[in-house]
Amino acid sequence: MSALALLGGEAVLHAHPRASMDWIPLVRQGLPSASVDAAVRLTQITHAQLAQALAIAPRTLARRKRAGALAPEESAKLLRFARIVERAEAVFEGAEPALSWLQSPNAALGGVTPLSLLDTDMGADSVLDALGRIEHGVFA
């Protein structure tokens, strides 16, 4: 599933970003809060799990839902999450195995779940690196 679809598609975003540069104005203006609901629905993780993965307080996400849009920094974190889910689905060739991998402790990541590392840039980079190693059969 694409990051676009994971965030609610054109119906929610009112745009069709095709390249990374197309996402920048959307993130700067703040993604619609409905993108959070779409991500939760499609990944079948809870709002609390998503809030933790994004390092955003659950009460803040609730306020953003009432306001209708995320702040730019929160939008960037949600997009990073969606792009990592998209990458995991490509590596594992399906949503179910990708989401299972994201929620399972991983020895290559210090025994923690990949999802728990997405709250920081370095953690997200480590998850992407692990996905690259899996894709290329390198398990050092």
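## Exercises: a loop residue pair and a pocket

His14 sits in the loop that links helix 2 (9-13) to helix 3. Keep in mind as you work that this model is predicted.

**Exercise 1.** Find the sign of the phi angle of His14, and decide whether His14 is buried or exposed.

*Solution.* Start with the backbone: phi is positive here, about 55°, even though His14 is not a glycine. Next, look at the surface: the relative accessible area of His14 is 69%. The cut-off for exposed is over 50%, so His14 counts as exposed.

**Exercise 2.** Now do the job for Ala55: where does Ala55 lie, and which accessibility class does Ala55 get?

*Solution.* First, place it: Ala55 is in the loop between helix 5 (47-54) and helix 6 (58-67). Then check the backbone: Ala55 isn't a glycine, yet its phi is positive, at about 55°. Last, the class: relative accessibility is 43%, and partly exposed covers values between 20% and 50%, so Ala55 is partly exposed.

**Exercise 3.** Describe the largest pocket: what is its volume, which elements give two or more residues to its lining, and how many lining residues fall in each class?

*Solution.* Begin with the volume, which is about 240 Å³. Now go through the lining, which includes Ser20, Trp23, Arg28, Leu79, Arg83 and Asp125. Two or more lining residues come from each of helix 3 (20-29), helix 7 (72-92) and helix 9 (121-136). Finally, sort the lining by class: seven residues are nonpolar, four are charged and one is polar.

Key
Residues are numbered from 1 along each chain as its sequence is written. This is a predicted model: local features need pLDDT of at least 70, side-chain atom pairs count only at pLDDT 80 or more; totals for chains, interfaces and linings use all residues. Side-chain values use heavy atoms; hydrogens and water are left out. On a 1 Å grid over the protein atoms alone, a cavity is a set of points where a 1.4 Å probe fits but cannot get out, and a pocket is an open set with protein on both sides within 12 Å along at least five of seven lines; lining residues have an atom within 4 Å of a point. Grid points are joined across faces, edges and corners, and a volume is the space filled by probe spheres set on the points. Helices (H or I, at least four residues) and strands (E, at least two) are DSSP runs, numbered from the N terminus. Ala, Val, Leu, Ile, Met, Phe, Trp, Tyr, Cys and Pro count as nonpolar, Asp, Glu, Lys and Arg as charged, and the others, Gly among them, as polar. Buried means under 20% relative accessible area, exposed over 50%, partly exposed in between (1.4 Å probe, protein chains only).
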